[in-house]
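This report concerns a ligand and the protein residues around it. The sequence and structure are shown below.

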Amino acid sequence: MTEAVSVKKLSHFINGQLVEGKSGNYANVYNPSTGEVIAEVPLATAEETREAIEAAKVAFPAWRDISVAKRAEVIMRFRNLLTENMDELLNIICTESGKTLEDARGEITRGLESVDLAIGAPHLVKGEYSVNVGGQINAYSAKYPLGVVAAISPFNFPIMVPLAQTSMAVAVGNAVILKASEKVPMTSLYVSELWKKAGLPDGIWTVVNGSKEAVNELLENKAVQAISFVGSTPVAKYIYETGAKHGKRVTALGGGKNNMVVMPDADLEQVANAFMGAAYGAASQRCMAISTIMPVGEETAEKLVAILKDKINKLKVGSYKEEGTDFGPVISKESKESIVKAIELAEQQGATIVNDGRTLNIVKESDGYFLGPTLLDHITRDMDIFQQEVFGPARNVVRVDTLTEAIDLINAQELANGVTIFTNDGAAARKFTTEIDVGMVGVNVPIPIPVGYHNFAGFKGSRFGEGHMFGPDQARFFTKTKTVSERWPEVTEKTESTFAFPSNN
Ligand code: NAD
């Protein structure tokens, strides 16, 4: 008889404490590398979410009124705790997401850039001041925090995206509620402990675990002023529409279908190396993963596909615990099944299979959700896989004759997160960066993600609402500008009423 393994029951983090779920509803958290259930996460009811919002509302005014320098000190201590506890963070991220150690380390490092930017928040919220705009009247515009704000995050970056969504929000004086992904909740709960150790007052950082019911309360509750969402496109659209209907400021980032255009003059060996990491890293579970390589000209295509075929055959898929693993499993059994279905449909619709990840060897057999790397050639615009985001290692080749054809095809796609071109021709790069209708554009870089102090977001179906993740725009998104006109006249001065529109002359 096998012994029953006790599975850890997780909590929420409300008002500075770990709080047990009251709903009695739990979802399983899996280790994708083994298929084992490693924890159960509580799914908050609307009532529990409301209680968390109330606690945040009570905590907010004191945090708003603290000096910006004191707030920056807390963020600085939080930053130091993140680096001091890197090993524990890596362990949690790799266990619940299946990422390789190297990939998880990269994610944490990029997340730290958001925290670094937030330390400098006092500079970003400086206002504007004018003297003598009228008789003895001065005017100033200043940025104030919004109050209670919410972030809803996806599974594929357990720490980087929540840090990018929330660090600036905390730094400029808001009380933040994070609805972490129920697939990777342990990282955010651990981050909560670090915020507490850094000295953040209770109620300013909250983690409500859950799914649709908790999210709907955040979208509808009057006390929540702004929503930052990152996840798939259909949910992003729903969040934007529902949040806006309830009068909230919303930015909702969605999925991607990112293309790499390869001009005939590019160094194909260099291109192939760039494509391998950008396309298959993290089992292709990145919103900025390259989905499609678009060689210009038949000769470029023939040479490139041959190089890629060979390189893809050498990739190693396995658990983060195994040496030399290039990428790990996908997040769940359902996800693996949907990727396999997408490959089958593409095959039925006429795609050629260059590398078949459904049969490629995994480093070590287990019940993990592993899938090898697939490359599908001769993808055309009428096939489902041309438009659809496949969140796993099935990548496409779309052959084109000219740069103009590549630009037209990319601009016809609904998702417009990232795109990149490889060329040595400055004029081609300039035409591409000017005419392409995509939010994040690269020239001779594998994934066009800039450093954390630049604004980041896609266009069209990849983003609903105005606002960015990362970058200085976060300081704008999480504050409201108040403009004050003030006059302090001499006490002896006589005043009279005037009924014309104030002209300050
Ligand atoms: P998802 O949309 O399934 O879930 C994201 C969040 O929304 C989770 O917290 C989840 O609990 C919640 N959610 C899911 N369904 C909901 C519903 N019906 N109502 C309310 N809330 C709901 O996304 P995911 O699978 O966790 O993450 C992968 C997706 O995120 C991919 O599409 C990827 O491209 C995208 N993503 C985009 C970016 C970006 O910057 N644009 C960054 C990372 C990930």
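The text that follows describes the surroundings of the ligand. This is a predicted model, in which local features need pLDDT of at least 70, side-chain atom pairs count only at pLDDT 80 or more, and totals for chains, interfaces and linings use all residues. Residues are numbered from 1 along each chain as its sequence is written, and side-chain values use heavy atoms, with hydrogens and water left out.

The ligand is surrounded by 26 residues (a heavy atom within 4 Å). Those that come nearest are Lys-179, Glu-182, Ser-232, Gly-254 and Glu-389. By class, the shell comprises 13 nonpolar, nine polar and four charged residues; Gly counts as polar, and Asp, Glu, Lys and Arg as charged.

The table lists polar contacts (N or O atoms within 3.5 Å).

| Residue | Protein atom | Ligand atom | Distance |
|---|---|---|---|
| Ser-153 | polar backbone atom | oxygen | 2.8 Å |
| Ser-232 | polar side-chain atom | oxygen | 2.6 Å |
| Gly-254 | backbone N or O atom | nitrogen | 2.7 Å |

Taken alone, the ligand exposes 840 Å², of which the protein buries 88% (Shrake-Rupley method, 1.4 Å probe). Helix H8 (212-220) and strand E11 (224-230) are the elements that give two or more residues to the shell; helices (at least four residues) and strands (at least two) are DSSP runs. Domain 1 (8-254 + 462-483) and domain 2 (258-443) each supply at least three residues to the shell, with bounds from an automatic or database domain assignment.

Note on methods
A polar contact is a pair of N or O atoms within 3.5 Å; within protein, one must be able to donate a hydrogen and the other to accept it, and residues adjacent in sequence count only if both atoms are side-chain atoms.
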